[in-house]
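User: Please take a close look at one part of this protein, the open sheet, and describe how its strands are arranged and what lies across them. A word on the second largest pocket would also be welcome.

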Amino acid sequence: MMKVRKILSYVLVAILSSVVTMTLFGGTATQTNSKLDDITQIIETYFIGDVDRTAMEDAAATAMIGSLGDKWSYYMSAPQYALYLEQMHNAYVGIGITITPAEDGSGLLVTQVNQGGAAEEAGMKPGDVIVEIEGHSAAGMTTTQARDLVRGEEGTQVKLAVRRDGERIDLTITRKTVETPVAEAQLLKSGVGLITIYNFDDRCADETIAAIEDLTKQGAHALVFDVRGNPGGYKHELVKLLDYLLPEGVLFRSEDYTGKVTVDESDANFLDIPMAVLVDANSFSAAEFFAAAMAEYDAAVVVGQPTTGKGYFQTTFVLSDGSAIGLSVGKYTTPNGVSLANVGIKPEILVEVDEETEFEIYAGIMDPEEDPQIQAAVKELEKE
């Protein structure tokens, strides 16, 4: 009986080995192929359903980057990378409007029309409800779906129908480049200047410096920089702004994957005025290091909620099909050599907010005079 079992086990091993060998041979796998090549060939040869190779490659690339265990590295499909470039340039080709789904679901409510934009030139007004885009009903349409229909090449036209005071109005709008604001300024009742910095991408330093100079001309005796929800951006924009604000010294330290260390420094000129920086859990990267540098130079008090802590910087590698990888290739530290990785910034003045208040802040509908974090910063500056 033992001999029979032994013989059967040999036969079973032989059968299994044959199955594996035949499967690989049938899938035309060779020793020179990678595992991904093997899987692709097998799927394309034997899978009974339809194969979307682009979707398959996107999924594989996403999984490969995810396997690194680094939450700051990421993969972008070709369409995602195109949107990413728009964001980094703070510009896009469109018609220059801000929309939200209408409460009754009949279309998309136009909440803002950019001054000098294509939509304004065509006669669109805030309060219009877009009911049709390129012949497609806008009823129940998401803002993303609408964006995909409205966007296109510069100089081309898009046809929309809006409802205004119960009347349908047909508009033909010529798409053109729209620049989105990076920094916006407001003089508060207290005489404190509020500067909201949306990101540290293209034009950040120039627009922020212009906002500072505009507010000081208006008589602002102190400044609050709001980088809540700011995802960061380019190092050179951060350094240029810090150089304007801070005295002579180190501004930023970075070390790449080869071990090369780069130190950015400021000149002796600086802005001598009381300042505060607002941060929260969604202040990342350059936004965190902006707050950290201002605090380490005792140039500003940090107010708000703790940040997450990003300590790596990424380089974007564009792939042959227009997709891209953002890969962590180095680390950076504050002027004093402190890493913020998984630590972040702990505000000197902690001001928690509830979910409703947080939503209103991010939606841009919170009055600065009612914003508890802004008012906490103003109160602290008034002590100086």
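Analyst: The account below takes the sheet and then the pocket.

The model is a predicted one. Its open sheet is built from six strands, which follow one another in the order β10-β11-β12-β15-β16-β19, with mixed pairing. At the two edges stand β10, residues 183–187, and β19, residues 349–350, each of which pairs on one side only. In general, the strands of a sheet pair through backbone hydrogen bonds, in either a parallel or an antiparallel manner.

Within this order, β12 is followed by β15. Strand β12 covers residues 222–226 and strand β15 covers residues 275–279; the two run parallel and are joined by four bridges. One position in this pairing can be named: Phe-225 stands opposite Val-277 of β15.

A helix accompanies this part of the sheet. Helix α9, residues 286–296, lies across β12, β15 and β16, the last of these being residues 300–304. The direction of α9 makes an angle of about 145° with that of β15.

The second largest pocket has a volume of about 420 Å³. Its lining comprises 19 residues, and those nearest the pocket centre are Leu-36, Thr-40, Glu-57, Ala-60 and Ala-61. Helices α2 (35–46) and α3 (53–66) each contribute at least two lining residues, and α3 provides the largest share, with eight. By class, the lining of this pocket holds 11 nonpolar, three polar and five charged residues.

How values were computed: Residues numbered from 1 in each chain as written. Predicted model: local features only at pLDDT ≥ 70, side-chain atom pairs only at ≥ 80, totals over all residues. Heavy atoms only, no water. Pairing = 2+ DSSP bridges. Contact = heavy atoms within 4.5 Å. Axes fitted to C-alpha atoms, helices over the stretch in contact; angles between N-to-C directions. 1 Å grid on protein atoms, 1.4 Å probe; cavity = no way out; pocket = protein on both sides within 12 Å on 5 of 7 lines; lining within 4 Å. Points joined across faces, edges and corners; volume = space filled by probe spheres on them. Nonpolar A, V, L, I, M, F, W, Y, C, P; charged D, E, K, R; others polar.
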